[in-house]
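Biologist: Hey, got a minute to walk me through this one? I'm new to reading structures.
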Amino acid sequence: MLSYQHLYHAGNAADVHKHAALALALDYLTRKPKPLTYLETHAGRGLYDLDAPEAVKTGEAAQGIARLRGGFPKDHPYLKALNAQPDRLYPGSPAIARALLRPEDKLHLAELHPQEYDALRSNLRDPRVTSYKQDGLALAQSLCPPTPRRGLMLVDPSYEIKADYAALPKWLAAITRKWNVGVVMIWYPILTSGAQAPMLRALQGDHTDALTHEVRFPPARDGHRMIGSGLFIVNPPYGLGPDLKRLSALFRAL
Ligand code: SAM
């Protein structure tokens, strides 16, 4: 049974890191006048009401987007996606992609939790979007290589099932064999326990040209085990590395 609900965490510092990097990568990819595919293995509900009791209870958005938003340059693509919503509504990754993609692009979104899936369907009504209530990692294997072949896949598990860490390197090796041109972004938490480290070492060993980008931030509350956010990016668009370095500076101010 899935118990993770992203509404408790939407707009936290890890979301800001992941979503700002996603927006930058999509901005690069959409500069070429060729259609692309956006795939998401763990989509969530797409839009999050930061006034909802769940979000207010943890206060994570107050420590994340509320503190970091002012540090982004006015022309940053992440701000474009944020500004497409009222301030109260935080756009999850599918809504960020929807805001930045073009009419000719396609989105494929997997979400397994029935309630989150229903919310995703109603929040992301768009002819470019196909949503799937199924396991995202299996779906990705069946869709790759996608049509159009150019594109980006975001992999954003909740790591509720600890086996996710062990499964991802093998899963990614199979994806990149079938889809060697795709940009694949895997998000992972940086935990006090270091539970993410063996997975990262395995990914880095298999994909020596990939980009790893990490930011650190104070734990959301005393005893909270997440102290940073990481992205492992296969086939990063040219220029993304320096942009991510600028993003690091924003987090250092936290
Ligand atoms: N990517 C979203 C964003 O940034 O806005 C947040 C996603 S949240 C971290 C992870 C989501 O994955 C949850 O909504 C959870 O219900 C869903 N999920 C868990 N296991 C899944 C699976 N095997 N396949 C697809 N979705 C799954």
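Modeller: Sure, one term to begin with: on a 1 Å grid over the protein atoms alone, a pocket is an open set of points with protein on both sides within 12 Å along at least five of seven lines. A molecule sits in a pocket if more than half of its atoms lie within 2 Å of its grid points. Also, this is a predicted model, where local features need pLDDT of at least 70 and side-chain atom pairs count only at pLDDT 80 or more, while totals for chains, interfaces and linings use all residues. Residues are numbered from 1 along each chain as its sequence is written, and side-chain values use heavy atoms, leaving out hydrogens and water.

Biologist: Okay, so where does the ligand sit?
Modeller: In the largest pocket.

Biologist: Which residues are closest to the ligand?
Modeller: H19, E40, E111, D135 and D156 are the closest, out of 19 residues that surround the ligand (a heavy atom within 4 Å).

Biologist: What does D156 do there, distance-wise?
Modeller: One of its polar side-chain atoms is 2.7 Å from a ligand nitrogen.

Biologist: Switching topic: how many aromatic pairs are there?
Modeller: Four turn up in a search of the whole structure. Rings of Phe, Tyr and Trp (its six-membered ring) pair if their centres lie within 6.5 Å; planes under 30 degrees apart are stacked, over 60 edge-to-face, the rest tilted.

Biologist: Why is the F72 and Y78 pair edge-to-face?
Modeller: Because their planes are at 65 degrees, with the ring centres 5.0 Å apart.

Biologist: And Y159 with Y165, stacked or edge-to-face?
Modeller: Stacked, with 20 degrees between the planes and 4.5 Å centre to centre. Y159 and Y165 also form one aromatic cluster with W187.

Conventions
A polar contact is a pair of N or O atoms within 3.5 Å; within protein, one must be able to donate a hydrogen and the other to accept it, and residues adjacent in sequence count only if both atoms are side-chain atoms. On a 1 Å grid over the protein atoms alone, a cavity is a set of points where a 1.4 Å probe fits but cannot get out, and a pocket is an open set with protein on both sides within 12 Å along at least five of seven lines; lining residues have an atom within 4 Å of a point.
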